[in-house]
2 protein chains.
Amino acid sequence: MRETAAAEPRPYHHGDLSRALIDAARRLLESEGPSALSLRAVAREAGVSPAAPYHHFKDKGELLEAVATEGWDMLNDSLSAARKSAHSVKDKLTALGVAYVVFARQNPSLYRIMYDGSRNKEELPSHVHMEDDSAYCQVRDTLVEAGADPADEIALELATTAAWCAAHGLAEMASFKQFDTLKTALGSEEAFLRGVFEHMKIFADDHGK
Amino acid sequence: MRETAAAEPRPYHHGDLSRALIDAARRLLESEGPSALSLRAVAREAGVSPAAPYHHFKDKGELLEAVATEGWDMLNDSLSAARKSAHSVKDKLTALGVAYVVFARQNPSLYRIMYDGSRNKEELPSHVHMEDDSAYCQVRDTLVEAGADPADEIALELATTAAWCAAHGLAEMASFKQFDTLKTALGSEEAFLRGVFEHMKIFADDHGK
DNA sequence: AGTATATCTGGACGGCGTAAAGATCATCTT
DNA sequence: AAGATGATCTTTACGCCGTCCAGATATACT
């Protein structure tokens, strides 16, 4: 819609350092894992001095928050796609759950970062829990589509929470080697995920329909 | 069964430093949280030099593992007690789930440490998953008591995994402020936990009985 | 008693997050 | 066009971290 650089945060010496820092962090996260993600390492990867990031982020936490935000956006997109691709209404919920866990398994370091900031503040970022096509709202809306009564707000929030907890729990557990035999017995990791979800009412029920 | 000190690791200059270090770590964990748990701080708290711990633990990780092991033992005890205190068979599973989450909520820093080491190794400690009165086995046995078919090993392991994931997911989520309104609406945090569990088949079903 | 050995201290190294001061460069005002 | 302004980046420095090494110290074995 717009020609060139005109409304961006104004490239100065570097160009767009905050963008470059987030990208560098993501790169390090994939190649070295979360424990290697120091502010200094990110600055090094981006080719600037260790203090440069402080002109764009208040501290290390704020940089990680920016990385996390992009992670949540990616997750929201994954869930949207899963919701659309599911054929029957009954499959939609499981498809959402599987998509959630698959995302976490494919981006384990990013997934960790996404929750780390929240754990310290004991609060999820608002765009996860509140905004309209946030992950939380997508799960809730899908529950309603599946037959949950939207008038009973408490039950609906409880059910959404239950689904979220189940998916998050499985996402963290699925990486443990203890489940390898079960995965091979069932043929694939996704079969394992579906198997676990099948044992959870929240993903199998008809929700009053 | 034995009189005094005879089979212990032998107290030397300090007395029993590894014990003292683990206690110091637990103390710091409760008073300052996981982020303050540096090796140096633990040594300081125990009144020894920063290098002293290295004669008892290979590195910081091994000390944290020792702390985690005690945490798992405490959790196992909590679950045993919950299992015994539940009156009906039907209540036992929910009682287990609630006890799990309550433990995590009452010892949040310790709970974090318990999983941190495993996340790096992608493997749970064996005494959690294998030994007879481990948390995992207690959940599995309770499922059998509740009517699950012990002959269908795959289904039983899937169900146990589902219950574990649900409880772990809820344990991590329950600290977020987002659920405060729901908790007050339901009257107490435990009511909130039970409400969430009620939406999970694994905790409500009759398991084929 | 005397030697070996386990335990602890002190000091050092590099890496970390972060703050302060100075250099550099795009933009704004005139 | 010129100089002032202020954002961006670098350099330097501080205290904390995990860890290693050399030396001191106290216990245990012969």
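Let's start where protein meets nucleic acid: of the atoms of DNA strand D that lie within 4 Å of the protein, 57% are sugar or phosphate atoms, and the rest belong to bases. Keep in mind as you look around that this is a predicted model.

Which residues line this strand? In total, 22 residues surround DNA strand D, and the closest come from both protein chains: His14(A), His55(A) and His56(A) on one side of the list, Arg40(B) and Arg44(B) on the other. Helix α2 of chain B, residues 39-46, supplies the largest share of the nearby surface, with three residues.

Now zoom in on the polar atoms. Leu39(B) places a polar backbone atom 2.7 Å from a phosphate oxygen of DNA strand D. Lys60(B) also approaches the strand through its backbone, with an N or O atom 3.0 Å from a phosphate oxygen. Arg40(B) reaches a base instead: a polar atom of its side chain lies 2.4 Å from a base nitrogen of DNA strand D.

Turn next to DNA strand C, which has 21 residues around it; the closest are Arg40(A), Arg44(A), Ser49(B), His55(B) and His56(B). Of the atoms of DNA strand C that come within 4 Å of the protein, 58% are from sugar and phosphate. Here the largest share of the nearby surface, three residues, comes from helix α2 of chain A, again residues 39-46.

The polar contacts of DNA strand C can be followed along chain A. A polar backbone atom of Leu39(A) is 2.7 Å from a phosphate oxygen, and a polar backbone atom of Lys60(A) is 2.9 Å from a phosphate oxygen. Arg44(A) uses its side chain, where an N or O atom sits 2.5 Å from a phosphate oxygen of the strand.

With the DNA in view, step back to chain A as a whole. What secondary structure does chain A have? Its elements are eleven helices and zero strands. The C-alpha trace spans about 60 × 40 × 35 Å along its principal axes. Of the 209 residues in chain A, 47% are buried. Contacts reach across the sequence too: among those between residues at least 6 apart, 63% join residues at least 24 apart.

Finally, look at the outside of the chain. Chain A exposes about 10,500 Å², and carbon and sulfur atoms supply 50% of that area. As for charge, chain A carries 23 positive and 33 negative charges, and the mean positions of the two sets are 5 Å apart.

Definitions and conventions: Residues are numbered from 1 along each chain as its sequence is written. Chains are lettered from A and ligands numbered from 1 in the order in which they are written. This is a predicted model: local features need pLDDT of at least 70, side-chain atom pairs count only at pLDDT 80 or more; totals for chains, interfaces and linings use all residues. Side-chain values use heavy atoms; hydrogens and water are left out. Helices (H or I, at least four residues) and strands (E, at least two) are DSSP runs, numbered from the N terminus. Buried means under 20% relative accessible area, exposed over 50%, partly exposed in between (1.4 Å probe, protein chains only). Contact means heavy atoms within 4.5 Å. Accessible areas come from the Shrake-Rupley method with a 1.4 Å probe; for residues, only the protein chains shown count as cover. Lys and Arg count as positive and Asp and Glu as negative; His and the chain ends are not counted. The place of a charge is taken as NZ of Lys, CZ of Arg, CG of Asp or CD of Glu. A residue is near a molecule or strand if one of its heavy atoms lies within 4 Å of it. A polar contact is a pair of N or O atoms within 3.5 Å; within protein, one must be able to donate a hydrogen and the other to accept it, and residues adjacent in sequence count only if both atoms are side-chain atoms.
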